[in-house]
Amino acid sequence: MRAKISYAITAAVLVVYFVLVGSRGVLLIQSGTLLTVTFGVAVLILPVIGIWFLWKNTQFVRRANALAAELDAEGGLPVDELKRLPSGRVDRDSADEVFARRKAETEAAPDDWRTWFRLAVAYHDARDTPRARKAMQRAIALHDGRPVQV
């Protein structure tokens, strides 16, 4: 729940920022000179890109959470079996061991979104965020019946 609140606050702050930047872009365009109009258009592009990025991220998070809820209802969510250091961080050897099992599970059933979901969690636990995101995107695509990009 804490992560959802943090995400909502961050998203709200970004939206406020985008509105402020956008208003500055409009003011620059209203000035009417070639230079200010050019800068105004450039400034307006930034909030558009930011809103698009925020929207795509929010869609990704919502879809991943929906998969987690479905997997939880099936009783298939991965159990946290990782050993932790006294600091609370995940023990690297433990994460590697779990990752190896998840990878083998995914290789045995490459068309099952559930195995890709669990692999994404293993990547996340191993602190490999880019691969965790790719694995989760594949899980979402398989779940939705969309073609999977390799």
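**How many salt bridges does the count come to?**

Let's work through it together. A salt bridge here is a side-chain nitrogen of Lys or Arg within 4 Å of a carboxyl oxygen of Asp or Glu. By this rule, the count comes to seven. Side chains of opposite charge can pair when their charged atoms come close.

Before going on, note that this is a predicted model, in which local features need pLDDT of at least 70 and side-chain atom pairs count only at pLDDT 80 or more, while totals for chains, interfaces and linings use all residues. Residues are numbered from 1 along each chain as its sequence is written, and side-chain values use heavy atoms, with hydrogens and water left out.

**Exercise 1. Place Thr115 and describe its surroundings.**

Step 1: Find the element. Thr115 belongs to helix α4, residues 113-125; helices are DSSP runs of H or I with at least four residues, numbered from the N terminus.

Step 2: Check the accessibility. Thr115 has a relative accessible area of 3%, so it is buried, a word that means under 20%, with exposed over 50% and partly exposed in between (1.4 Å probe, protein chains only).

Step 3: Look for partners. The Thr115 side chain reaches the backbone oxygen of Asp112 at 2.8 Å. Leaving aside residues up to four places away in sequence, Thr115 touches Glu105, Thr106 and Ala109; contact means heavy atoms within 4.5 Å.

**Exercise 2. Take Glu105, and analyse its salt bridge with Arg102.**

Step 1: Read the distance. The closest N and O atoms of Glu105 and Arg102 are 3.6 Å apart.

Step 2: Locate the pair. Both residues lie in helix α3 (residues 92-108), three residues apart, which is about one turn of the helix.

Step 3: Compare the accessibility classes. Glu105 is partly exposed at 26%, whereas Arg102 counts as buried at 13%.

**Exercise 3. Return to Asp112, and find its place in a network of salt bridges.**

Step 1: Start with one pair. The side chains of Asp112 and Arg114 meet in a salt bridge, at 3.1 Å from N to O.

Step 2: Widen the view. Glu74 joins Asp112 and Arg114 in a network of salt bridges.

Step 3: Add accessibility. Asp112 is partly exposed at 22%, and Arg114 is partly exposed at 25%.

**Exercise 4. Describe the pair Asp144 and Arg146.**

Step 1: The two residues form a salt bridge, with their closest N and O atoms 3.5 Å apart.

Step 2: Asp144 is partly exposed at 41% relative accessibility, and Arg146 is partly exposed at 39%.

Conventions: Helix = DSSP H or I, 4+ residues; strand = E, 2+ residues; numbered from the N terminus. Polar contact = N/O pair within 3.5 Å; in protein donor to acceptor, adjacent residues only side chain to side chain.
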